[in-house]
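What follows walks through one structure, from pairs of charged side chains to the contact between chains. Please keep the sequence and the 3D view at hand while reading.

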Amino acid sequence: MGEVVVTGFGVRTAFGRGADAVRRGVFGGVHAFAPTTRFDTAPYRTRFAATTGGDKPDALRDVLGECADDAVGMAGFTAGEDTAVLVGTAGDFAALTRFRRGEAGVEVADTVPSRLADLLAARLGATGRRLAFTNACVASATAIIHACGLIASGRLESAVCAGAYLVEEENFAKFDSGRALSRGGVIRPFSADRDGLLLGDGAAAVVLESATAARRRGARPLAGVVGWGAASDAHHIARPHPEGAGLAAAVGRALRRAGDPDGLRVDYVNAHGTATKHNDPAETRGLREVFGTRADRVPVSSTKSTTGHLLEAAGVVELVIALLALSDGVLPPTANLTGPDPDCDLDVVPNRSREADVRRVLSINAAFGGANTALLLERP
Amino acid sequence: MTTASSAEPLPGFIESTFSPLVNAVAHRCLVEHPGDGTRTAVVLGSVVGDATTTDLASTLMVGGQVGNPLLFMQATPNAVLGYLSKEFGITGPLVALSATADLGFELLDAAAVLLDDPELDRVLVVGVELAANDRATAALRELDVPPPTEDYAVALLVDRDSPAAEPGGQDLRQLAALAAQNKGSTP
């Protein structure tokens, strides 16, 4: 199997566009939650989300395009017929709302997930395959895993993988109806007093290439993707397995692929860390299963504490954050941590970033239905 | 391989036929051909997805009505995939995707990529489309894709001995026909 490398990225969060905005907010341990102005929040239990502001979200097609432009620009990469465009998205829900309200001029086709991959491919001039991955909070991580499989097997030489979610009322209302949103105005992953998640704006794109192709064109890899894995809980349609079984299995697959089955070389984990009652202890137990007695010494943080939950974009944005940890030698903190929870007793890098010489970082995600993913990056 | 255009209701899922259809075809496949769930993955494909659930939730929200938590639960394809994974002890990857063109090919190709993993032996491939509602019809017409006029689902099990996916022009009905022609290698 061939090696897969990352040669460029673009990212946008509630802190703004680009890596420096992520450094300022996520690595600064500053959260971006505020009352949202995008819709009337009176019917809901909370007013808060992490957004870039404004009366309505930008079109997902534009945000995906900006991130992909930044990614290919950084990589010095030109997409072609051998480039796949794989996007984690459930479609543009703001367009759905406008359609249901009977507004004129709605880009209703953008509510079809694959349409956003088609548009991004056209923008990039990529004439290869285009797919959207729709499996919720692991969607963009699954897109990256699929790209790694395509590239490592020699089916393709390159892929642009992206994901986007911008806070809008459709999903806000759904999460509110499921009583999943925090009422406290911030989220507190791994804290004893955590009470749920809040949504956030997020989008990112990465350029993945075979190491051979990157070398051939003189590109400098930012990181190698040395392991990837996915696994399911076989437990419940909404709740995670209480022992984090599927998460541990996904990480196990990634680590075996990377030739480090016990995770001895993992220096940092970007956790899923949603701050829900069930997720955080399950994730803790899953990581303890993976790392054994070393679990206390592996730093683990939830950057959703600053960005909010980015839904379909979570996987690719958090991979970019992990990449920055690798390149900058700084671990992003779990912000808003108050009282420790004995069921979440990992080193969660509380409240302040930490310098560290990291060579391998793991980014993990989980979703409804018990779907779990793991991506392992290595410094070149 | 199995197909369905109607299905019994599925406990915990309401209003939409999307998840019951997926469950019906997948259930039949997996019951007829039991295997090791720890070495099984699932790939689910649909161009539009569960428009019935999505649009019902949207209509409630736009109308200022209280959302139904069950619609929240079933709003993503992960829900029925999670249901199936529990039912059959499937602990391999769960993938859900959408492609505007050649969805059948993309599903088979995704299965082939998954089977590169030596820890997997078989992949349950499921394709599903619902009869297009007003929003799906408008969207698909913009994309120059004929809107489906009836609910339809197909499932097939792909294993290492199955033929490789041939590129080009496979929609879900062609996928079903392909599977029917290769009964020896697609259980």
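In this predicted model, the side chains of Arg45(A) and Asp176(A) form a salt bridge, with N and O 3.2 Å apart. Arg45(A) sits in the loop between strand E3 (33–35) and E4 of chain A, while Asp176(A) belongs to helix H6 of chain A, so the bridge ties together parts that are 131 residues apart in sequence. Are the two partners buried or exposed? Arg45(A) is partly exposed, its relative accessible area being 30%. Asp176(A) is buried, with a value of 7%, because a residue counts as buried under 20% relative accessible area.

Another salt bridge in chain A joins Asp58(A) to Arg12(A), and the closest N and O atoms are 3.1 Å apart. This pair too links distant parts of the chain: Asp58(A) is in the loop between strand E4 (48–50) and H2 of chain A, and Arg12(A) is in strand E1 (residues 4–13) of chain A, 46 residues apart. Asp58(A) is partly exposed, at 38% relative accessible area, whereas Arg12(A) is buried, at 8%.

A further salt bridge brings together the side chains of Asp280(A) and Arg194(A), at 3.8 Å from N to O. Asp280(A) lies in helix H9 (residues 279–291) of chain A and Arg194(A) in the loop between H6 and strand E8 (202–210) of chain A; the two are 86 residues apart, and the pair links distant parts of the chain. Both Asp280(A) and Arg194(A) are buried. Some salt bridges in chain A share partners, and in this way Arg12(A), Arg17(A), Asp58(A), Glu66(A) and Asp70(A) are joined into one network. Over all chains, the structure holds 37 salt bridges.

Helix H9 of chain A also holds Val290(A). With a relative accessibility of 14%, Val290(A) counts as buried. Which residues does Val290(A) touch, leaving aside those up to four places away in sequence? They are Ala248(A), Val251(A), Leu255(A) and Asp262(A). Leu264(A) is 26 residues from Val290(A) along the chain, and their C-alpha atoms are separated by 9.9 Å.

The next element to find is helix H4 (residues 113–124) of chain A, which has 12 residues. From its first C-alpha to its last, H4(A) reaches 18 Å, close to the 16 Å expected at 1.5 Å a residue. Buried residues in H4(A) include Pro113(A), Ser114(A), Leu116(A), Ala117(A), Asp118(A), Leu120(A), Ala121(A) and Leu124(A). An α-helix has 3.6 residues a turn, so residues three or four places apart point the same way. What covers the buried residues of H4(A)? The cover includes helix H2 (60–75), strand E5 (83–88), strand E6 (130–133) and strand E7 (158–165) of chain A, and also strand E3 (94–98) of chain B. Just after H4(A) comes Gly125(A), which takes a positive phi of about 75°.

Since chain B contributes to that cover, the contact between the chains is the next topic. How many residues of each chain take part? In chain A 56 residues are in contact with 54 residues of chain B. About 4,400 Å² of area is buried between chain A and chain B, and carbon and sulfur atoms give 60% of that area. Between these chains there are eight salt bridges. One pair in a salt bridge is Arg155(A) with Asp116(B), whose side chains meet at 2.5 Å, N to O. There are also 19 residue pairs in polar contact between the chains, both residues being at pLDDT 80 or more. On the side of chain A that touches chain B, the elements giving two or more residues are helix H3 (93–100), H4, E6, helix H5 (139–152), helix H6 (169–177), strand E9 (223–232) and helix H8 (245–257) of chain A. H6(A) gives the most, with six residues.

In chain B, helix H5 (residues 103–114) has 12 residues, which should span 16 Å at 1.5 Å a residue; the end C-alpha atoms are 16 Å apart, in agreement. Of these 12 residues 11 are buried, so H5(B) is largely enclosed by the rest of the structure. Among them are Leu103(B), Phe105(B), Glu106(B), Asp109(B) and Leu114(B).

The UniProt record, in an unreviewed entry, lists residues 30–144 of chain B as "domain: Beta-ketoacyl synthase-like N-terminal". Over residues 30–144 the chain is 45% helix and 17% strand, and the end C-alpha atoms are 35 Å apart.

How values were computed. Residues numbered from 1 in each chain as written. Chains lettered and ligands numbered in written order. Predicted model: local features only at pLDDT ≥ 70, side-chain atom pairs only at ≥ 80, totals over all residues. Heavy atoms only, no water. UniProt positions renumbered as here; feature names shortened; annotations may be inferred. Helix = DSSP H or I, 4+ residues; strand = E, 2+ residues; numbered from the N terminus. Expected span 1.5 Å × (residues − 1). Buried < 20%, exposed > 50% of the residue type's maximum accessible area, 1.4 Å probe, protein only. Contact = heavy atoms within 4.5 Å. Buried area = accessible area lost by both parts, 1.4 Å probe. Salt bridge = Lys/Arg side-chain N within 4 Å of Asp/Glu carboxyl O. Polar contact = N/O pair within 3.5 Å; in protein donor to acceptor, adjacent residues only side chain to side chain.
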